[in-house]
Amino acid sequence: MPAEVLKLGIPAGSLQDATAELFRRAGYRITFSSRSYYPQIDDEEIECLLIRAQEMARYVEQGVLDAGITGLDWVRETEADVTEVCELVFSKVSRRPVRWVLCVPKDSPVQSVRDLEGKRIATEAVGLTQAYLKKHGVTAKVEFSWGATEVKPPRLADAIVEVTETGSSLRANDLRIVDEVLQSTTRLIANKGALADDWKRRKLDDLSLMLQSVLRAEGKAGLMMNVHKDDLKKVLELLPALDKPTISSLADSDGVDVITIVEERVIRSIIPQLKAAGARGIVEYPITKLID
């Protein structure tokens with residue numbers, strides 16, 4: 001066993017597979033067992049524990065875990081005293097933030113949060129909802145929902161506050177969004193005591209660096225090409241580079257090698273333009289990690 005170990009919480013449930021895939025692309029292999037809450041990771045200095053995202057911040061605050069991955073929404077909901085190491089914009093479906101929204105049935109007379117004075121609201125995020133109502137000066141009864149929150153209006157609740165990523169479940173249940181309560185993305189959070197430990201801080205910084213490098217690389221590709229010096233100005237004007245291209249001399253003194261990173265979505269239109277401008281030997285290559 002190594003002398004030092006970082007205790008890391010991995011979110012169980014909807015984010016579990018997406019988290020494992022992010023780690024895999026960052027160079028860490030996490031293996032899950034159906035009968036264990038202790039996933040195996042191919043880094044002997046990290047010990048993983050599967051924890052519900054809703055509980056993660058509380059266990060990190062208490063020091064049961066040194067760090068964990070959870071949503072900003074659950075940090076806010078539990079009011080846990082933790083430190084954010086970095087934001088990781090990924091989720092189970094997309095790379096967009098999830099939204100907590102106030103919803104009512106399509107035929108409800110409610111048009112704003114103020115119309116819910118004295119009404120009943122069902123939600124899993126009771127604390128977030130109460131803080132939202134307080135901000136708007138509205139008093140309503142907020143009840144914890146154990147699940148299937150979308151089906152509760154209008155019989156069991158006048159409104160709900162529910163999390164959505166695509167809005168498909170809300171539409172399927174004939175619900176209408178009245179207002180947005182919070183946008184949330186995934187965060188790597190840490191215990192304050194763990195961050196005061198030099199070794200654990202370095203370990204978390206390294207982990208953060210690798211995870212963020214994968215997300216920064218998404219949707220980007222590398223291009224390299226040979227360009228005659230007479231055509232270089234025209235070629236450079238076409239490149240929407242992430243940063244200034246790297247230009248190096250070739251054995252042929254009249255040519256240079258140009259290397260750059262661009263958005264994948266422009267590749268199909270820019271390569272023909274580059275060829276027409278004089279670039280030759282154009283090669284596209286994948287970018288798996290990008291570190292500033």
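**Salt bridges.** I began with a search for salt bridges through the whole of this predicted model, and the search returned 19 of them. I then picked out one pair, glutamate 45 with lysine 203, whose closest N and O atoms are 2.8 Å apart. I looked up where the two partners sit: glutamate 45 is in the loop between strand E3 (40-41) and strand E4 (46-52), while lysine 203 belongs to helix H7 (residues 198-217), so this salt bridge ties together parts that are 158 residues apart in sequence. I noted beside this entry that side chains of opposite charge can pair when their charged atoms come close.

**Domains.** Next I turned to the domain assignment, which divides the chain into domain 1 (6-92 + 186-217), domain 2 (98-184) and domain 3 (220-286). I looked up the distance between the C-alpha centres of domain 1 and domain 2, and I wrote down 29 Å.

**Where domain 1 meets domain 2.** How many residues of each domain are in contact with the other? I found 10 residues on the side of domain 1 and 11 on the side of domain 2. For the area buried between domain 1 and domain 2 I recorded about 790 Å², with carbon and sulfur atoms giving 49% of this area. I then asked which residues of domain 1 lose the most area to domain 2, and I found Asp73, Trp74 and Glu77, which together account for 55% of what that side buries.

**Polar and charged links across the interface.** I searched the interface of domain 1 and domain 2 for salt bridges, and the rule finds 1 there. I also looked at the salt bridge in which the side chains of arginine 52 and glutamate 124 meet, with an N to O distance of 3.9 Å. For polar contacts across the interface of domain 1 and domain 2, I recorded 7 residue pairs, both partners being at pLDDT 80 or more. I checked which element supplies the largest share of the side of domain 1 that touches domain 2, and I found helix H3 (residues 72-78), with 5 residues. By class, I listed that side of domain 1 as 2 nonpolar, 3 polar and 5 charged residues.

**Aromatic pairs.** Last, I looked for aromatic pairs and found that the structure holds 3. I examined the pair of tryptophan 74 and tryptophan 100, whose ring centres are 5.6 Å apart and whose planes stand at 90 degrees, so I entered the pair as edge-to-face. Tryptophan 74 lies in helix H3 and tryptophan 100 in strand E7 (residues 98-105), and I noted that the pair links distant parts of the chain, 26 residues apart.

Notes
Residues numbered from 1 in each chain as written. Predicted model: local features only at pLDDT ≥ 70, side-chain atom pairs only at ≥ 80, totals over all residues. Heavy atoms only, no water. Domains from an automatic or database assignment. Contact = heavy atoms within 4.5 Å. Buried area = accessible area lost by both parts, 1.4 Å probe. Salt bridge = Lys/Arg side-chain N within 4 Å of Asp/Glu carboxyl O. Polar contact = N/O pair within 3.5 Å; in protein donor to acceptor, adjacent residues only side chain to side chain. Helix = DSSP H or I, 4+ residues; strand = E, 2+ residues; numbered from the N terminus. Nonpolar A, V, L, I, M, F, W, Y, C, P; charged D, E, K, R; others polar. Phe/Tyr/Trp six-rings, centres within 6.5 Å; stacked < 30°, edge-to-face > 60°.
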